[in-house]
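I opened this notebook to record how the helices pack and where the charged side chains pair. The entries follow the order in which I looked things up.

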Amino acid sequence: MTTPLSPAEFSVLSALTKAPRRVLSRNHLLDALSPGSDTPGERMVEEVVVSRLRKKLGDNPKSPKHIRTVTGFGYIFQPTTRSTHSPE
């Protein structure tokens, strides 16, 4: 099943997945959403976009598996590993 993403969600998810397991600053994600901007209102947009992505990925906001918050800095994407071993 596919889940449609808004352009903003796609931009943030793309930035996060290009740097798996690395912390990306809020400014980095804000730049992915709107290059060259840094206003308080736009910072709220980044938080809302991450929140919507977590919901679409099935993440529990209190204990996310995929997109974790690094307090005071930004976010980190933790990809899940799937077994390619087929059952016998």
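**Entry 1: helix packing**

I began with helix H1 (residues 7-17) and helix H2 (residues 26-33), which pack at an angle of about 135° with their axes 8 Å apart. I note that the model is a predicted one. Because an angle of about 135° falls outside the ranges for roughly parallel, roughly antiparallel (over 145) and roughly perpendicular (65 to 115), I entered H1 and H2 as oblique to each other. I recorded the crossing of H1 past H2 as right-handed.

Which residues make the contact? On the H1 side I listed Ala-8, Ser-11, Val-12, Ala-15 and Leu-16. On the H2 side I listed His-28, Leu-29, Ala-32 and Leu-33. I then sorted the residues of this contact by character and obtained 7 nonpolar, 2 polar and no charged.

**Entry 2: salt bridges**

How many salt bridges does a search of the whole structure find? I noted 4, and I followed several of them in detail.

I looked first at Glu-9, which forms a salt bridge with Arg-52, the closest N and O atoms being 2.8 Å apart. Glu-9 is in helix H1 and Arg-52 in helix H3 (residues 40-57), so I marked this pair as a link between distant parts of the chain, 43 residues apart.

I found Glu-9 again in a salt bridge with Lys-56, at 2.7 Å from N to O. This pair also links distant parts of the chain, with Lys-56 in helix H3 and Glu-9 in helix H1, 47 residues apart.

Is Glu-9 buried or exposed? I read a relative accessible area of 2% for Glu-9 and, because buried means under 20%, I entered this residue as buried. Arg-52 is partly exposed at 35%, and Lys-56 is likewise partly exposed, with a relative accessible area of 35%.

**Entry 3: from H3 to H2**

I next examined Glu-47, which forms a salt bridge with Arg-26, the closest N and O atoms being 2.5 Å apart. Glu-47 lies in helix H3 and Arg-26 in helix H2, so the pair ties together parts that are 21 residues apart in sequence. I recorded Glu-47 as partly exposed, with a relative accessible area of 31%. Arg-26 also counts as partly exposed, at 24% relative accessibility.

Last, I asked which residues are joined into one network by salt bridges that share partners. I entered Glu-9, Arg-52 and Lys-56 as that network.

Definitions and conventions
Residues are numbered from 1 along each chain as its sequence is written. This is a predicted model: local features need pLDDT of at least 70, side-chain atom pairs count only at pLDDT 80 or more; totals for chains, interfaces and linings use all residues. Side-chain values use heavy atoms; hydrogens and water are left out. Axes are lines fitted to C-alpha atoms, for helices over the stretch in contact, and angles run from 0 to 180 degrees between N-to-C directions. Helices (H or I, at least four residues) and strands (E, at least two) are DSSP runs, numbered from the N terminus. Angles under 35 degrees count as roughly parallel, over 145 as roughly antiparallel, 65 to 115 as roughly perpendicular and the rest as oblique. A crossing is left-handed if the near helix is turned anticlockwise from the far one by less than a right angle, and right-handed if clockwise. Contact means heavy atoms within 4.5 Å. Ala, Val, Leu, Ile, Met, Phe, Trp, Tyr, Cys and Pro count as nonpolar, Asp, Glu, Lys and Arg as charged, and the others, Gly among them, as polar. A salt bridge is a side-chain nitrogen of Lys or Arg within 4 Å of a carboxyl oxygen of Asp or Glu. Buried means under 20% relative accessible area, exposed over 50%, partly exposed in between (1.4 Å probe, protein chains only).
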